[in-house]
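These are my notebook entries on a single structure. I record what I looked up, in the order in which I looked.

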Amino acid sequence: MYYNSNKMFFMYMLVFSTFISISSNSWLGCWIGLEINLLSFIPLISNSNNLLMSEASLKYFLIQSIASINFLFTILIKMTLLKNFHFNNFLSIMINSSMLMKMGSTPFHFWFPNIIEGLTWFNNFILMSWQKITPMILMSYYMNNKFLIIIMILNVIIGALGGLNQTSLRKLMAFSSINNLGWMISAIMISENLWLFYFFVYSFLISIMCFMFYNMNMFFINQLFISNMNSIIKINLLINFLSLGGLPPFIGFLPKWIIINFLINNNMFLISFIFIMMSLIMLFFYIRIIYSSFMFNYMKMKWFKMFFKNNFFLIINLFSFLSVFSIILSTFLFL
């Protein structure tokens with residue numbers, strides 16, 4: 001589908017609009033980049049043959065439009081009332097809120113799992129990774145620290161508790177994304193380089209997961225019960241899920257370790273305790289997915305074996321090896 005020239009054009013515009021926003025000199029330029037981003041992502045996710053995708057694209061358009069109006073309203077106030085310093089706190093909360101709404105962060109997160117449920121795995125990957133770059137960087141220009149500390153705690157808690165009751169893999173990944181957003185906000189409050197590192201590792205892991213689920217054509221946990229996958233694919237699934245959950249030997253643990261280290265050094269013991277406890281809940285529902293794929297094999301389905309094409313299989317093995325190899329990287333980093 002993405003060899004289609006129209007789709008390729010909109011993909012190019014999506015990438016280009018992000019660069020417009022993050023390299024802009026004025027708030028108005030940032031807003032224009034966000035609007036181009038929205039108008040280029042809508043054609044990618046809309047599909048007239050699929051009602052769920054059409055509904056998701058309309059919902060996405062409405063939510064992003066509300067956030068954009070809010071953002072434009074705030075920057076116009078900022079331009080007119082620049083000399084009045086009493087508005088600074090209010091303006092920073094308004095700009096942060098509109099960016100949080102664009103990312104699908106709490107307390108504006110209700111649209112996020114619903115829209116992800118109606119999209120393909122590739123579009124989910126874009127929504128969970130690339131679409132977070134612009135709002136995150138714009139938010140870092142004008143942060144309200146007290147407000148964002150509350151938001152990041154809410155993100156981590158709701159991301160963990162929301163995923164407990166889900167059977168849809170896409171909704172699980174959506175709540176996982178909300179949880180990771182809490183970690184990302186804390187990372188960007190510490191340093192932009194740390195956020196960049198966390199974002200890179202998270203996008204890397206999410207890309208593997210979406211790629212595997214896309215190739216296996218899986219959307220629900222119970223599909224893992226009945227599929228007799230190759231045992232190496234199951235091990236790759238295990239490695240990448242545990243890495244996404246932040247279990248120590250894997251690469252997903254490294255950025256979380258740095259964030260927790262910083263929080264403890266700055267006497268934020270309660271926040272770091274909440275972060276660690278919620279990571280345990282995340283690991284619980286990741287392990288539930290893995291457990292089902294490892295332990296359940298229907299005898300009736302023994303004739304049906306699932307394999308990847310050779311080139312895909314090599315890529316997934318390589319990525320999983322990189323995920324495990326990070327134990328050496330993390331050891332060198334902290335010697």
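**Helix contacts and burial**

I began with one helix pair and listed its contacts: Thr18, Ser21 and Ile22 of α1 meet Ile133, Thr134, Ile137, Leu138 and Tyr141 of α7. Sorted by class, this contact of α1 with α7 holds five nonpolar residues, three polar residues and no charged ones. I note here that the model is a predicted one.

I then took the geometry of the pair. The axes of α1 (residues 5-22) and α7 (residues 133-141) come within 9 Å and cross at roughly 5 degrees. Angles under 35 degrees count as roughly parallel, and α1 and α7 are therefore roughly parallel to each other.

Next I turned to α4 (residues 88-103). For its 16 residues, 1.5 Å a residue gives an expected span of 22 Å, and the end C-alpha atoms lie 23 Å apart, which agrees. I checked burial: 12 of the 16 residues of α4 are buried, so this helix is largely enclosed by the rest of the structure. Among the buried ones I noted Leu91, Met94, Ile95, Asn96 and Lys102. I looked up what covers them and found that the cover includes α2 (27-45), α3 (51-80), α5 (111-117), α7, α8 (145-162) and α9 (169-190). Just after α4, I recorded a positive phi of about 85 degrees at glycine 104.

Finally I took totals for the protein chain. I counted 15 helices and zero strands. Of its 335 residues, 53% count as buried. The accessible surface comes to about 15800 Å², and carbon and sulfur atoms account for 73% of it.

Conventions. Residues are numbered from 1 along each chain as its sequence is written. This is a predicted model: local features need pLDDT of at least 70, side-chain atom pairs count only at pLDDT 80 or more; totals for chains, interfaces and linings use all residues. Side-chain values use heavy atoms; hydrogens and water are left out. Axes are lines fitted to C-alpha atoms, for helices over the stretch in contact, and angles run from 0 to 180 degrees between N-to-C directions. Helices (H or I, at least four residues) and strands (E, at least two) are DSSP runs, numbered from the N terminus. Angles under 35 degrees count as roughly parallel, over 145 as roughly antiparallel, 65 to 115 as roughly perpendicular and the rest as oblique. Contact means heavy atoms within 4.5 Å. Ala, Val, Leu, Ile, Met, Phe, Trp, Tyr, Cys and Pro count as nonpolar, Asp, Glu, Lys and Arg as charged, and the others, Gly among them, as polar. Buried means under 20% relative accessible area, exposed over 50%, partly exposed in between (1.4 Å probe, protein chains only). Accessible areas come from the Shrake-Rupley method with a 1.4 Å probe; for residues, only the protein chains shown count as cover. The expected span of a helix is 1.5 Å times one less than its number of residues.
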